[in-house]
Amino acid sequence: MKHELIIVGAGPAGLSAAARAQKLALNYLLLESGAKPANTIQRYQKGKHVMAEPAVVPLRSDLGFAAGTREAILGGWQSGLDGLGVNIRYNAEVTAITGAAPDFELQLSNGETLQSEAVVLAIGLQGNPRKIGVDGENDASVQYTLDDPDEYSNETIVVIGAGDAAIENAVALARNNAVVVVNRRDEFARAKEGNLTLITRAIEDGSISCFFNTGVSSIEPSAAINLTTETGETRVECNRVIARIGAIPPRRFVESTGISFPSDDPTTLPELSGHYESNVPGLYVIGALGGYPLIKQAMNQGFEVVEFIKGNDILPADHGILEDKFRHLPYGKNVDETLALIRSSIPIFENVNGLVLRELVLASELLTPKRGDVIFHKNDYTNSFMSIVDGEVQVEIDD
């Protein structure tokens, strides 16, 4: 039997897509390689507070989602799936996808073959954690996730990373352990404000030690880690190493489906249409793999992509917000035209995934200064960067 739609991956994006397909009475199937839905969130730290960002974007999904603990969110989704009667198969790993609309074939690890007119890839990134890249990265003392920090006590634990996951792990572990953080930069630039405050305070009061501007040179089987610091090599003896340094797209599998990437950079995301369709007709990509890692936006994409497949040309959930942001600009262009102008005018955005660009602009402030206005005062502090879409500025470098 051929399905109208097969959704691969039961993360937030895939769950939302399946819920919408159920509501629209499509002949669909949701495939999940694990034994439970939302595998990434299942791996979140126990009791982790999950935020519903960005606050300005409305939720568009047949499943509920609001800020809360990992456990509350997973429980709510499971209740929603049961209540809707979503057609989901667990432990169904997809090993190959071939063809194009309306004739796709999907191979499963158990040897089964499925047919579908359209396919939505919602496989995310977190199943492919970025490894440290040094000798010993696969040692038994090294782990790339942390479920319950309260499982460990009276240990010396090295946490590698400077993002939110690394900070949250380090702060939670520091309650019962000696924690050392390794940051390859001189600050925690990627952290949310609340986490930045937590880690800064912990380092200042001595409850967490931190090596800044430091890389990892190797990890010894005896659970010691060798570091390259600004002042030379140092060795830290520890009980375990927890590396939270992001994830990489499952590029080899994605490319095997026929989807192309704009560059050879392993972190590059595929370019998609405004309807989340890849260069392969009928093959759609949503969620983190498509450039939207935030849960609410991934769920919105899941809802929207099924509407698009059904033939309903709805506007993205952020369309009205972007329209309001662009209203004061002097170009008289619509949202898509303005985004295209921004992309073509700013060289560093040239190869940015279109969905990532929307996210960036959504979080940005657009200025339309008049001649003579001061944009930035010398010696002002900022953690932002500015780009010129149109016009020019004068820069004073000497009084």
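This report describes a parallel sheet, the cysteines and one pocket of a predicted model.

## Basis of the description

The model is predicted: local features need pLDDT of at least 70, side-chain atom pairs count only at pLDDT 80 or more, and totals for chains, interfaces and linings use all residues. Residues are numbered from 1 along each chain as its sequence is written, and side-chain values use heavy atoms, with hydrogens and water left out.

## The open sheet

Five strands form an open sheet in the order β9-β16-β10-β11-β12, with parallel pairing. The edges are held by β9 (142–143) and β12; each has a single partner strand, so one side of each lacks a neighbour in the sheet. Strands (E, at least two residues) and helices (H or I, at least four) are DSSP runs numbered from the N terminus, and two strands pair if DSSP finds at least two bridges between them.

At one edge, β9 runs parallel to β16 (residues 240–243) and is joined to it by 2 bridges. Valine 142 stands opposite valine 241 in β16.

## Strand β12 and its crossover

At the other edge, 4 bridges join β12 to the parallel strand β11 (residues 178–182). Between these two strands the chain passes through helix α5 (residues 193–204) in a right-handed β-α-β crossover; that is, with the strands pointing away from the viewer, the path from the first strand over the helix to the second runs clockwise.

Side chains alternate along β12 (residues 208–211): Ile208 and Cys210 point to one face and are buried, whereas Ser209 and Phe211 point to the other and are not. Buried means under 20% relative accessible area, exposed over 50% and partly exposed in between, with a 1.4 Å probe and protein chains only. Cysteine 210 stands opposite valine 181.

## Cysteines

The structure holds 0 disulfides, a disulfide being a pair of cysteine sulfur atoms within 2.5 Å. The cysteine sulfur closest to that of cysteine 210 belongs to cysteine 238, and at 15 Å it is too far for a bond. Cysteine 238 is buried, with a relative accessible area of 8%.

## The second largest pocket

The second largest pocket has a volume of about 490 Å³. A pocket is an open set of points on a 1 Å grid over the protein atoms alone, where a 1.4 Å probe fits, with protein on both sides within 12 Å along at least five of seven lines; lining residues have an atom within 4 Å of a point. The volume is the space filled by probe spheres set on the points, which are joined across faces, edges and corners.

Its lining comprises 30 residues, of which Gly274, Pro316, Asp336, Leu339 and Arg358 lie nearest the centre. Helices α7 (295–310), α9 (335–345) and α10 (354–362) each supply at least two lining residues.
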